[in-house]
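Student: I'd like to practise reading a model, from the whole fold down to one residue. Can you walk me through it?

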Amino acid sequence: MVAACGALLMLGFVSLGVWQVERLYWKLDLIERVDARIHAAPSAAPGTEGQAPFDETRDEYRHVTLRGAFRHGQETLVQAVTEQGPGFWVVTPLSLASGGTVLVNRGFVPGDRRSPDSRTEGQLDGTVDVTGLVRLSEPGGGFLRNNDPAAERWFSRDVAAIASARALPDAQPYFVDADATPNPGGLPVGGLTVVTFRNSHLVYALTWFGLAAIVAGATAYVLQDDARRRRSATGRQTAATPLPSSNGSHP
């Protein structure tokens with residue numbers, strides 16, 4: 001029974017360890033692919049200018065360029081905490097010259113500059129070129145905080161919700177983080193995209209393999225101890241058994 005339980009536990013832990021190794025190589029491949037996209041020359045965004053429709057597995061963090069006109073009257077302020085402190089992302093619809101709309105996260109503004117009137121220099125008019133990274137929508141809201149479009153409280157860059165609130169039926173299902181190209185007046189501040197991927201799979205794999213080794217050692221100890229006890233009990237039983245007496249007569 002002990003051997004069977006130990007074998008099952010070891011098999012389970014080893015299987016989990018192998019799975020984490022597979023996940024490790026998948027994550028390393030993902031990091032390599034994303035890094036290649038970020039540093040590639042910018043190209044037309046997905047779903048625009050004859051490009052294939054957006055595919056999140058292929059296009060996330062893709063380096064793209066857009067040309068169009070900002071619709072500043074429909075910008076959305078999304079609460080943010082960055083390396084520059086707390087404030088807001090300025091998410092503005094860009095009407096593309098080729099047709100359609102893309103939501104652009106133009107960058108960060110501190111809380112005391114949330115009003116467009118306090119940063120009029122950065123409200124670019126006319127046709128502009130925007131370069132940045134394709135980002136996935138962030139549906140729902142932030143941690144324990146839901147977006148409230150009616151009250152204009154936004155905690156995440158939820159593309160579908162923002163497009164609905166701003167009546168943008170032709171918006172692409174992603175947004176673009178603008179790069180660090182300075183805006184007139186210094187705001188918004190772009191280029192603050194944080195590209196990080198948690199990669200603890202090696203630690204997890206070593207943990208599972210370590211647990212398998214511990215179970216193997218414990219199982220072997222229990223089996224050896226049980227065998228020793230059995231031998232000891234057999235020896236005591238043999239020593240306690242009286243020798244047969246001799247009833248034969250002497251000449």
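Student: Let's start with the inventory. How many helices and strands does the protein have?

Tutor: Keep in mind that this is a predicted model. The protein has nine strands and four helices. Along the sequence, they come in the order α-β-α-β-β-β-β-β-β-β-α-β-α.

Student: And what does the radius of gyration say about how spread out the protein is?

Tutor: Set the value against the globule rule. Here the radius of gyration is 33 Å, while the rule gives 18 Å for 251 residues, so the protein is more spread out than a compact globule. The box tells you about the extents: along the principal axes, the C-alpha atoms fill roughly 135 × 40 × 30 Å.

Student: What percentage of the residues is buried?

Tutor: Of the 251 residues, 35% are buried. As for the surface, the protein exposes about 14800 Å², with 59% of that coming from carbon and sulfur atoms.

Student: Now a single residue. Where is H72 found, and is H72 buried or exposed?

Tutor: Place the residue first, then check its accessibility. H72 lies in the loop between β2 (63-70) and β3 (76-82). Its relative accessibility is 14%, so H72 counts as buried, the cut-off being under 20%.

Student: Which residues does H72 touch, leaving out those up to four places away in sequence?

Tutor: The list is T92, R106, Q123, L124 and D125. For L124 there's a polar detail too: the H72 side chain reaches the backbone oxygen of L124 at 2.6 Å.

Notes
Residues are numbered from 1 along each chain as its sequence is written. This is a predicted model: local features need pLDDT of at least 70, side-chain atom pairs count only at pLDDT 80 or more; totals for chains, interfaces and linings use all residues. Side-chain values use heavy atoms; hydrogens and water are left out. Helices (H or I, at least four residues) and strands (E, at least two) are DSSP runs, numbered from the N terminus. Buried means under 20% relative accessible area, exposed over 50%, partly exposed in between (1.4 Å probe, protein chains only). A polar contact is a pair of N or O atoms within 3.5 Å; within protein, one must be able to donate a hydrogen and the other to accept it, and residues adjacent in sequence count only if both atoms are side-chain atoms. Contact means heavy atoms within 4.5 Å. The radius of gyration is taken over C-alpha atoms; the globule rule is 2.2 Å times the number of residues to the power 0.38. Accessible areas come from the Shrake-Rupley method with a 1.4 Å probe; for residues, only the protein chains shown count as cover.
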